[in-house]
Protein chains: 2
Amino acid sequence: MSISERKKKILAAVVDEYVRTAEPVGSKAIASKAGLGCSSATIRNELAELVSLGYLEQPHTSAGRVPTPMGYRMYVNELMEKQRLSLEETEDINRRMNQKLRELDDTISDVSRLASQLTDYPALALTTRTAVTIKRFDIIYVDANTFIIVVMLSDNTVKNKLVKLPVSVDQKLVQRLAILFNSGFTGITEGAVTPLLIHSTERAADDTMGVTSVIAAFAIEVLTEAAAPSAYVSGENRLLNQPEFRDPDKAHRLMGYLSGGGYILPPDQRMEEAGEIKVLIGPENVAEELKDSSVVIATYDAGDNTKGMIGVVGPTRMDYSAVAAKLSILAAGLSRRLGSGEAPPEGMHNKLIIKGDTGNE
Amino acid sequence: MSISERKKKILAAVVDEYVRTAEPVGSKAIASKAGLGCSSATIRNELAELVSLGYLEQPHTSAGRVPTPMGYRMYVNELMEKQRLSLEETEDINRRMNQKLRELDDTISDVSRLASQLTDYPALALTTRTAVTIKRFDIIYVDANTFIIVVMLSDNTVKNKLVKLPVSVDQKLVQRLAILFNSGFTGITEGAVTPLLIHSTERAADDTMGVTSVIAAFAIEVLTEAAAPSAYVSGENRLLNQPEFRDPDKAHRLMGYLSGGGYILPPDQRMEEAGEIKVLIGPENVAEELKDSSVVIATYDAGDNTKGMIGVVGPTRMDYSAVAAKLSILAAGLSRRLGSGEAPPEGMHNKLIIKGDTGNE
DNA sequence: GTTGGCACTCTTTCCTTTCGAGTGCTAATA
DNA sequence: TATTAGCACTCGAAAGGAAAGAGTGCCAAC
């Protein structure tokens, strides 16, 4: 499994060069570039071995070498220089992120856009929320036909809805309902909102106008929406920057998949610890559409049982090092912001842990 | 300016055929297809004249003819069959729309997505809001450190924000502030929120904790956001379906422009009446990036001084007829929904008025 | 005014040739 | 035993050229 130090250096050089140029790289190029003092002929021998070991392949005889997914995996796991962004870059990212962050949902799409800008790949952001409940119900009486429902959830987000009814409603009734909902509908998840519960609330409030069901419907809607994982994709068009997507059909297929909010992570993979970075290379992806693309994902902690992921999609020939570093900073920023609910400490450099499949099958 | 009836028929046939096939259309194809009883040689003569009149052009000698922007303009203005969608189609669109509509902002992006699905072109939706003011302020006291600001705007949207303070705040103070904001900050636009006003409110409430400025900041934020035009673009990737965008660079340029929320309408064009459809063909667009694309836009009435637009972007070779019909239904549905704030009457077929530049230069 | 016919034009497609980068192998060298 | 120089070989990409085909423009006939 382990290979000589020189082979590693050569493999790293091939990956670096191929990432940069998108052209198969030849023995001469490596000899002149990588600082190992040997001639192209030696390199050729090594390359041939790397091919037979499965780390590299040739598009055809007499072309240079190109890394296989296994080669990339080796690179990501062992060879890649954990890129340290300069202080300026880090601060730039943090500054741009701070400009964007406000509330949870807004934030996520903004940060996904930011990730796409920074990396020049399409970016996606997902949140999975678990077991959200309603913490508190308020109803603001506006006029006889109108009131506003305000719901505060266990993750401290607040949702509201303006309700206009065709009939007049007594302010007293609304007050009664607010009290009843506050005792009956708080602390429960969506599944627990049963017709029975709604019905008994309606009776207890002496509601003959059907207001109860309107409010209950909103409660269900809010709970459902909050529990559902949400996904944002931005910068799909940046795919077209990549030479491997010059074929419009290929680009189209992948973009369609991304826009459709196709799931990215294998369902059996549990969400990683916040701060970790996951790299899925080519065939390691489960989705057919991603089999020859790579995905880099950073997990962040949005507090209160909510974990989120932010990632980018690109060709397997991806600048894993730079992408991982940038995502890491974004994720850390999000964790700080969302996890605590407090203003973030600035300028913190953070550890970079990379995880992913090991290359064995 | 006006041309013979037969020329019109031929022009229409060229456009129809070219829209369908994306290939230059020859005299034979027209002779066999269009129901005018004359031979290809006659058609050739007519075609030659249409070219010299500027309605058609040839990519090169000995290729078929392709409509010029002026040809499309003629087609849109005079020749196009105002397409009637079948009752089923209309109902399908209405049904799908009804599933999506909830609140203004959500809605618009959803409808834009729907428009893109229906037409298979990228779609965009914009709202310009004029003179939004705050109608009503409520503050919900949650606990000593926490309260929720709820703001109802003149367009009947409701915004809220959860505020967590590092210090304890008296419930009385919050109540005083709610009353003061309700009298001082309602009915005014963003520009009228002056430091002076904030300061005097702060004094009147006897607020030494800086709560006033937090609430005022939210008021400003909400007003600013509400007054700003918002734009959504969806389905950019559908561009890649069109043969004219098989060149990735071309596609990329346009997609980048669209994603960037580039402005579409010429700034001097005032918003049209709701229900009208505007067609901008190729060079009629002001933006350089759109010079060889077409835009079809429907205006809808979102009630309360708010007009919105929903449109699609595609190659000049666009199925104007079908697109216009579909957008028209969507816009009508939106007007009904948003304009009145009431549930829409179902299944209504509506008039289709097409407007646009006249072809004179 | 319309039509059939025919020569002409220009693109598209396919085939062939050439060119060159990069390899694999062998024999010489340290 | 590991490294290197040298060289024949391979295979794709690029360039050139011929053939095919679609469609025109124009002329003479109706």
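User: What does it take for a residue to count as buried, partly exposed or exposed?

Analyst: Buried means under 20% relative accessible area and exposed over 50%, with partly exposed in between (1.4 Å probe, protein chains only). This is a predicted model, in which local features need pLDDT of at least 70, side-chain atom pairs count only at pLDDT 80 or more, and totals for chains, interfaces and linings use all residues. Residues are numbered from 1 along each chain as its sequence is written, chains are lettered from A and ligands numbered from 1 in the order in which they are written, and side-chain values use heavy atoms, leaving out hydrogens and water.

User: Which residues of α10(A) are buried, and what do they pack against?

Analyst: Helices are DSSP runs of H or I with at least four residues, strands runs of E with at least two, numbered from the N terminus. In α10(A), the buried residues include A:Pro248, A:His252 and A:Tyr257. With contact meaning heavy atoms within 4.5 Å, the buried residues of α10(A) pack against β3, β7, β9 and β10 of chain A together with α10 of chain B.

User: Which residues are closest to DNA strand D?

Analyst: A residue is near a strand if one of its heavy atoms lies within 4 Å of it. DNA strand D is surrounded by 20 residues, and the closest are A:Arg6, A:Ser39, A:Thr42, A:Ser62 and B:Ser27. Sugar and phosphate make up 75% of the atoms of DNA strand D that come within 4 Å of the protein.

User: Which element gives the most residues to that surface?

Analyst: The element that gives the most to the surface near DNA strand D is α3(A), with four residues.
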